[in-house]
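Me: I'm new to this one and would like a close look at a single part. Could you pick out the aromatic rings and walk me through how they sit together?

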Amino acid sequence: MISNYLQVLEESLRKKLAALDRVESLCVEQEKLLKAPSFSEEAFDASMEEKGALIDELNRLDEGFESLYGHIREELPAQKEKYKTQIAALQQLVKDVTDKSVSIQAQEARNKALMENYFTGRKKEIQQGRKGSRAAINYYRSMSDSKSVQPQFMDKKK
């Protein structure tokens, strides 16, 4: 009975590791998008959507893992020697998942900094555009408010 639970726990951790691998590749893809000369909002949004779905899947896997582990938590220490190899495999998978999670967190922090730089640059561009628009509007107003200019050269012959 415990052996079956341990197999399901191992499978759950392997699925989690695969999902984390995909999240990590999406983070790298997002970094490339943020560093590209022309930022593609559509591609970035699509990768964010996919990452969101993967995070939901990871949360479900975590809940399932905790639920399964709760069933054997009491019995497992008493039979530790019997399931030594399965427990060691689970411990290695947990370590791999933890390492991958830390790597993803570091990548996310780098991406956040890149995104902040991108938005700062866009904000400056928008401010410059507004200043240019205001200057054009002010020029237009001043030109339309001025009275019509009388001809400078008049024919004085009569």
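Reply: Sure, with a bit of background to start. Buried residues account for 26% of the 158 residues in the protein chain, and keep in mind that this is a predicted model. The chain has three helices and zero strands, so to speak an α-α-α pattern when you read along the sequence. Of the contacts with a separation of 6 or more, 86% are between residues 24 or more positions apart.

Now for the rings. The structure holds four aromatic pairs. Take Phe39 and Phe44: their ring centres are 5.5 Å apart and the planes meet at 50 degrees, so this pair counts as tilted. Both Phe39 and Phe44 are buried. Phe39 also pairs with Tyr118, with ring centres 4.4 Å apart and planes at 45 degrees, so that pair is tilted too. Phe39 sits in the loop between helix H1 (2-35) and H2, while Tyr118 belongs to helix H3 (residues 84-145), so the pair ties together parts that are 79 residues apart in sequence. Add Phe119, and ring pairs link Phe39, Phe44, Tyr118 and Phe119 into a cluster.

Phe44 also takes us into helix H2, where it is one of the buried residues. Others on that buried list include Leu54, Leu58, Leu61, Phe65 and Leu68, along with Ser47 and Lys51. H2 covers residues 41-72, which is 32 residues, and spans 47 Å from its first C-alpha to its last, close to the expected 46 Å.

Terms used:
Residues numbered from 1 in each chain as written. Predicted model: local features only at pLDDT ≥ 70, side-chain atom pairs only at ≥ 80, totals over all residues. Heavy atoms only, no water. Helix = DSSP H or I, 4+ residues; strand = E, 2+ residues; numbered from the N terminus. Expected span 1.5 Å × (residues − 1). Buried < 20%, exposed > 50% of the residue type's maximum accessible area, 1.4 Å probe, protein only. Phe/Tyr/Trp six-rings, centres within 6.5 Å; stacked < 30°, edge-to-face > 60°. Contact = heavy atoms within 4.5 Å.
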